[in-house]
Amino acid sequence: MLLLLGSYLLLSVWFSAERPQPHVLKQMAEKAMRQQLCQTPVLWRVGQLDPAFALTAEQAEQAAHNAASSWNRAIGQELFRYDSVAGFPINFHYDERQQQMLQQAMLERNIQRYDSNIDQRAATLSQQSQQLQQRQREFTQQNQQFAADIATFNQQAANASQANLAALQQQQRRLQQREQQLQQQAQRLNEQQAQLQREQDYLNATVADRNALLSDQPPPLAAEVGLMEIINGRRNMTIFAYSTTNALQLTMGHEFGHALGLGHTDNDTAIMHYALNPQQTGPKAEDVAALKQQCGF
């Protein structure tokens, strides 16, 4: 009995022991047996679909179709074909890994919302602070000019005569009005300063709440999100978890590679990298070269 297993990890984990060998799946399997996996198009279908995934059969089939098509296009021939009767099953088995994925996705969304809010508030606060500083500088200049005008008025009042008394009284009233205006302006500036301080305190609290979300999380663990089993030439794919439609397609694409006997690689941009990561978009040149060597194309 020939048993080939290929699984996909959610997070990259570096092991101090043996590193995965690039594109070699169970070296004990004979080359002729591995190439036999590639002789005819591999037929696939969607099998059991756990309703806990909240995924329709049509959505699952579309994701699998996109994943299979990425290999067909990369090689330039039909490697995988949909067959609702004879195809090997792609089963969706909901377990704690999917719950972990949902929790992680929710955490990432919350962090993104916090970051967006923090960035927006920080930018607004910085702009308001600059505007307040400019108004404070203008107020300081006005206050200095008012002090100089008061000094001039006092000097003129000390040498006042009956002839210019009326003019001095009118000037005094204008100075008193300016004083009231400066006092009101100073009060507004103080209120604005206090409001900015409250905004800064709120921003600091928001940052603390955001960081608390990260500190409260346990360290991430590696978890299988997909598995391909080949027993006596019969294939079976199981999907345990996915966070987005794109992640699901990449996981299926990875398992389709295992369906043709491919193993893992250390290149994190290749679809056959042993862990799902943001650098992956589909089969790369390294994946294609490995498949051609594997299948004898």
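User: How do you know that the span of helix 5 agrees with its 15 residues?

Analyst: Happy to walk through that one, keeping in mind that this is a predicted model. The expected span is 1.5 Å times one less than the number of residues, so the 15 residues of helix 5 should cover 21 Å. The end C-alpha atoms of helix 5 lie 21 Å apart, and the two values agree.

User: What makes helix 5 count as mostly covered?

Analyst: A residue is called buried when its relative accessible area is under 20%, and twelve of the 15 residues in helix 5 are buried. Among them are A247, L248, L250, T251, M252 and G253. H254, E255, F256, G257, H258 and A259 are buried as well. Across the 297 residues of the protein chain, 36% count as buried.

User: Why is helix 2 called oblique to helix 5?

Analyst: Helix 2 (residues 57-75) packs on helix 5 (residues 245-259) at an angle of about 55°, with the axes 8 Å apart. Angles under 35 degrees count as roughly parallel and 65 to 115 as roughly perpendicular; about 55° fits neither class, so helix 2 is oblique to helix 5. The crossing is right-handed.

User: Which residues make the contact between helix 2 and helix 5?

Analyst: From helix 2 come A60, A63, A64, N66, A67, A68 and W71. Helix 5 brings L248, Q249, M252, G253, F256 and G257. By class, this contact has nine nonpolar, four polar and no charged residues. There is a helpful rule behind such spacing: an α-helix has 3.6 residues a turn, so residues three or four places apart point the same way.

User: What covers the buried residues of helix 2?

Analyst: The buried residues of helix 2 include A60, A63, A64, A67, A68 and W71, and S69, S70, N72 and I75 are on that list too. Their cover includes helix 5, helix 6 (285-295), strand 2 (42-49), strand 3 (80-82) and strand 4 (88-92).

User: How do you know that the reach of helix 2 is close to the expected value?

Analyst: The same kind of check works here. Helix 2 has 19 residues, and at 1.5 Å a residue the expected value is 27 Å. From first C-alpha to last, helix 2 reaches 27 Å.

User: Which residues just after helix 2 and helix 5 take a positive phi?

Analyst: Just after helix 2, G76 has a positive phi of about 85°. Just after helix 5, G261 has a positive phi of about 95°.

Key
Residues are numbered from 1 along each chain as its sequence is written. This is a predicted model: local features need pLDDT of at least 70, side-chain atom pairs count only at pLDDT 80 or more; totals for chains, interfaces and linings use all residues. Side-chain values use heavy atoms; hydrogens and water are left out. Axes are lines fitted to C-alpha atoms, for helices over the stretch in contact, and angles run from 0 to 180 degrees between N-to-C directions. Helices (H or I, at least four residues) and strands (E, at least two) are DSSP runs, numbered from the N terminus. Angles under 35 degrees count as roughly parallel, over 145 as roughly antiparallel, 65 to 115 as roughly perpendicular and the rest as oblique. A crossing is left-handed if the near helix is turned anticlockwise from the far one by less than a right angle, and right-handed if clockwise. Contact means heavy atoms within 4.5 Å. Ala, Val, Leu, Ile, Met, Phe, Trp, Tyr, Cys and Pro count as nonpolar, Asp, Glu, Lys and Arg as charged, and the others, Gly among them, as polar. Buried means under 20% relative accessible area, exposed over 50%, partly exposed in between (1.4 Å probe, protein chains only).
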